[in-house]
Amino acid sequence: MRTQKCHGRVIGTLVGCTALVLAVTGTASAQPGRVVERQVLPANDGWAAYGTGTTGGAAADAAHVYTVTTWEQFKSALADGGSAPKIIRVKGTIDADGPSCASFAVPGYDFDTYLKTYDPAVWGRTKNLDGEPDASPEGLRRASAAQQDAYIKANIPANTTIVGIGKDAGFKGASLQIKGVDNVIVRNLGFESPLDCFPQWDPTDTADGNWNSEYDSAVIYGSTHVWMDHDTFTDGDHPDSTLPYYYGRIYEQHDGELDIVKGADYVTASWNVFEDHDKTILIGNSDSASTAAVDRGHLKVTFHHNLFSNLVERAPRVRFGQVDSYNNHFVAGDGYSYSYGIGMESQLVAEHNAFTLPAGAKTGSILKKWKESPLTADDNYVNGVPTDLIAVHNTEVPGEILQSGAGWTPTLRTKVDPAKAVPGLVDHCAGAGRLG
C-alpha cells in the first residue's frame, strides 16, 4: 500500500484519513463532495443530528461569508447580520491575548496588596471574599477581571459555521460563548486555552483554599444542535507546570477546554484532540436543585473519535446528561487522575473505546464515582486488552462501587469501528489541520 496523507499529514502506510474512515466506518466525517465551509453534520452522527440536525451557516449567501485574520475582524463578523446564516473562515492563528494582563487592570489594583490582604495567616480560612466591597483588593480584582472578560469572550450567534482554513487556523487565548442559540458548527480550529489574568482566591475551597479561574476555550451554555469537529484544544505554551504557587496552592489560570452546561442539548464532538490540560470537559456544572431543574432531561451529548491525551481529569465529568462516548482514544500521562466522572443522575454509555495507560497507572481509575448513577461500559480495551471497566473499578476501588446499566441505548451513531482499531485511526486523523 503506497504512502498517502491524512488530510495533509503523511501517515506512512496507512490509507488517507477520509479513505480510512470510509473503509472502516462506511461514512466520512462530512460530505466530501461539498466545500468544507458548506458541509453539514451527516445524518445520525450523534446527538447533534437529532430532530432538525445541525447545518450551521451552510445556507449563507455571499454577503454573509467572511474571511478573518484578527480578533477584531472575527468579532465584527459575528455581530454582522444577527442570526442570518453565516460562515466565518479563520485564516492563521488569531491572538485574543493581544493586550497584556496589566492593560486589563483597573486603577488601584495591585497583586502584591491582594496577596498581603488575603494571606491565610491574616484573613483566615473560614470566610470567602464574596462580601468584599468594590474598593477592596478583591473588588478591584473583580473589576479588572470584568475588563478581561469583555475582551476575550466572543458570542456566537445561531446558524453559524466557524471553520479554520488550512493547517494552522485557530485562536490563542479566546473564549467562544455558544450561549442560548441553535445550530452552530465549529471545525478545524486550534484553541490554546485562555489565561485568566485575575484568578480569585477562595480560602474556603478545600481545607487549604484554592485559586479559581474563569474562561473555557469554548462553552456551550443553554444551546442546541452544536457540532464541534476536528478541533484541537491545548494549554499550548502555558501548561499548568509553568504556573506559580501562592499560599501553597497553584495559581490556577485555566478553566475547562469545553464545557456543556445550563440545559444545553444535542451536541456532537467528533474527531477532536483534547490534550495537556487538567479539568477538561464538564457536562452539567452543579448538583444543586436549581441546576437540576434546568439540566434534567437535557445535556444529550455524543463524543466519538476524539483523542484525549495527557489529561488529568474530566474527559468528561457528567451530571444529568445522556452521554454517548464511543470510539475515543484515551492516552494517560503524568498526573492522571481519571477519565469518566460519574455524577448526579448521569446516564453515560462508554463503549468501543481504547485506553493507553502508562506503567503504574491503575485501570480502576478510568472511572470515578461522584454519585450513584449506573452506566454502560462495554467492549473497551486497555493497553490492547479487552477490559470490563466497571468490574475492574469495583475490584480496585471497593469503596466506590459502580452499577451497570445506563438505562438507554444510543441509536444516533454512524457505523462503529472496532475498539482495537481506534488508536491507529484516531491518533492519525483527529484534530485541527487534518480535515480534508
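Hi everyone, this is a short walk through one protein structure, from a helix to its cores, its disulfide and some of its salt bridges. Please keep in mind that this is a predicted model.

Let's start with helix α6, which runs over residues 137-152. The helix has 16 residues, and from its first C-alpha to its last it reaches 23 Å, close to the 22 Å expected at 1.5 Å a residue. Which residues of α6 are buried? They are P137, E138, G139, L140, R141, S144, A145, Q148 and I152. If you follow the numbers 137, 141, 144, 145, 148 and 152 in that list, here is some background that may help. An α-helix has 3.6 residues a turn, so residues three or four places apart point the same way.

And what do the buried residues of α6 pack against? Among the helices, their partners are α2 (71-79), α3 (101-104) and α4 (111-118). They also pack against the strands β5 (153-155), β7 (175-179) and β10 (200-202).

Now to the cores. In soluble globular proteins, nonpolar side chains tend to be buried together. Here the largest nonpolar core has 64 residues, and F74 and I260 are those with the most contacts inside it. The largest share of this core comes from α2, which gives four residues. Let's stay with F74 for a moment. Leaving aside neighbours within four places in sequence, F74 is in contact with V68, I88, I94, A154, I156, I162, F171 and L176. Apart from that core lies another one, of 16 residues, and F104, L129, A145 and F198 are among them. You have met A145 already, as one of the buried residues of α6.

Next, the disulfide. A disulfide is a covalent bond between the sulfur atoms of two cysteines. The structure holds one, and C101 and C197 form it, with their sulfur atoms 2.0 Å apart. The link is left-handed, with -70° about the S-S bond. This pair links distant parts of the chain, 96 residues apart: C101 sits in helix α3, and C197 in the loop between β9 (190-192) and β10. Are the two cysteines buried or partly exposed? C101 has a relative accessible area of 34%, so it counts as partly exposed. C197, at 12%, is buried.

Last stop: charged pairs. Side chains of opposite charge can pair when their charged atoms come close. The structure holds 14 salt bridges, and I have picked out a few. Just past the middle of our tour's helix, so to speak, we find D149, whose side chain meets that of K153 in a salt bridge of 2.9 Å, N to O. D149 is partly exposed, with a relative accessible area of 27%, and K153 is partly exposed as well, at 26%.

R413 takes us elsewhere in the chain. This arginine forms a salt bridge with D324, and the closest N and O atoms are 2.7 Å apart. R413 lies in the loop between α8 (389-396) and α9 (422-429), while D324 is in strand β24, 89 residues apart from it. R413 also forms a salt bridge with E351, where the closest N and O atoms are 2.8 Å apart. E351 belongs to strand β27, and here the two partners are 62 residues apart. R413 counts as buried because its relative accessibility is 17%, and E351 is buried too, at 12%. Finally, salt bridges that share partners join D134, E138, R141 and R142 into one network. Thanks for listening!

How values were computed:
Residues numbered from 1 in each chain as written. Predicted model: local features only at pLDDT ≥ 70, side-chain atom pairs only at ≥ 80, totals over all residues. Heavy atoms only, no water. Helix = DSSP H or I, 4+ residues; strand = E, 2+ residues; numbered from the N terminus. Expected span 1.5 Å × (residues − 1). Buried < 20%, exposed > 50% of the residue type's maximum accessible area, 1.4 Å probe, protein only. Contact = heavy atoms within 4.5 Å. Core = buried A, V, L, I, M, F, W, Y, C linked by side-chain atoms within 4.5 Å. Disulfide = S-S within 2.5 Å. Salt bridge = Lys/Arg side-chain N within 4 Å of Asp/Glu carboxyl O.
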